[in-house]
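Me: I should like to understand how the terms used for a protein model are justified. May I put some questions about the one shown here?

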Amino acid sequence: MALTEYMRNRLAFIESGRPLPEKKKYVLNKVSSKRQAKLNEQKEAGSENEMDVFFARMRPKMKNKCLFCGSPTMKNDDERFRFSIAHLLPKRPVDKGGFPSVATHEDNWIELCFYGNSCHTNFDHGIISWEFIKDSKEWDIIKEKLLNVLPQVAEEERKNKLYSRIEKLVYSNP
C-alpha cells in the first residue's frame, strides 16, 4: 500500500520524537446540568406526582365516549387512558402560554378521543377552535366547567391571550 503525502509527513513527524498531541476525549452528560436542576425542582415540587394523581382521580369520571364525536376513548386502557383527558386550559408553563395554576383543577378537562377522529389533538392544535366550540351542543358543558376554572387562574396567567379570548366567550351574553 502506497503512503500518501499526508501519511509520510505524519510518520516522519512521529518518528522524529515529537508525537502528535493526544486528542482530548469529551464525555457528554446524558442530562445537562440545567435540565437536571429543572428535573430536581420538579421532583421536589411533586409536579409529576401531582399530574399522576390528577389523572388517576379523573379516570373514574370518564365515560369512554368522546364529548365531541361520540367515539370510544381510551378509558379502559391502563397505559393510555391519559390520552383522552384533554385540558381545557393547557397545563404547560406560563412562558409557553400555559396555565399551570389550574393544571390539576378537577373541572379543567374534557374527555376526547385520541385515536380515530383525533378530537384531542385537533382541539390542542386549534383545528377545533373555541369559536366553533361555542356554537356547538357541547358548549353548555364546557362553559360550566370554565366558569369554575377561570376564577382560579393565577394573576400572571391572566395576561395570556388565550385567557382573554376564552373569558370573552364564557362571560359574554349568548
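Reply: Certainly; please note that this is a predicted model. One may begin with C119, which has a relative accessible area of 6%.

Me: Why is C119 called buried?
Reply: Buried means under 20% relative accessible area. C119 has 6%, and therefore counts as buried.

Me: How do you know that the sulfur of C119 is too far from the closest cysteine sulfur for a bond?
Reply: A disulfide requires two cysteine sulfur atoms within 2.5 Å. The closest cysteine sulfur to that of C119 belongs to C113 and is 3.7 Å away, so the pair does not meet the cut-off. A search of the whole structure likewise finds 0 disulfides. C66 is also in no disulfide, as the nearest cysteine sulfur, that of C69, is 3.7 Å away.

Me: Is C66 buried or exposed?
Reply: C66 is buried: its relative accessible area is 2%, and the limit for the term is under 20%.

Me: Why is S118 called partly exposed?
Reply: The term covers values between the buried limit of under 20% and the exposed limit of over 50%. S118 has 23% relative accessibility, and so it falls in between. S118 is placed in the loop between β2 (109-111) and α4.

Me: What makes the phi of S118 worthy of remark?
Reply: Most residues other than glycine have a negative phi. S118 is not a glycine, yet its phi is positive, near 55 degrees. N64, another residue that is not a glycine, has a positive phi of about 60 degrees.

Me: Where does N64 lie, and why is N64 called partly exposed?
Reply: N64 lies in the loop between α3 (47-58) and β1 (85-87). Its relative accessible area is 25%, which is between the two limits of 20% and 50%, and N64 is therefore partly exposed.

Me: What makes M7 part of a nonpolar patch on the surface?
Reply: Members of a patch need over 30% relative accessible area. M7 has 37%, and so passes this cut-off while still counting as partly exposed. M7 is found in helix α1 (residues 5-15). Together with L3, Y6 and L11, M7 forms a patch with about 390 Å² of accessible area.

Me: Which residues touch the most other members of the largest nonpolar core?
Reply: They are F68, W130, I142 and L146, in a core of 26 residues. Helix α7 gives the most to this core, with 5 residues.

Definitions and conventions. Residues numbered from 1 in each chain as written. Predicted model: local features only at pLDDT ≥ 70, side-chain atom pairs only at ≥ 80, totals over all residues. Heavy atoms only, no water. Patch = residues over 30% accessible without salt bridge, like charges linked within 9 Å, V, L, I, M, F, W, Y side chains within 5 Å. Areas by Shrake-Rupley, 256 points an atom, 1.4 Å probe, with all protein chains shown as cover. Salt bridge = Lys/Arg side-chain N within 4 Å of Asp/Glu carboxyl O. Helix = DSSP H or I, 4+ residues; strand = E, 2+ residues; numbered from the N terminus. Buried < 20%, exposed > 50% of the residue type's maximum accessible area, 1.4 Å probe, protein only. Core = buried A, V, L, I, M, F, W, Y, C linked by side-chain atoms within 4.5 Å.
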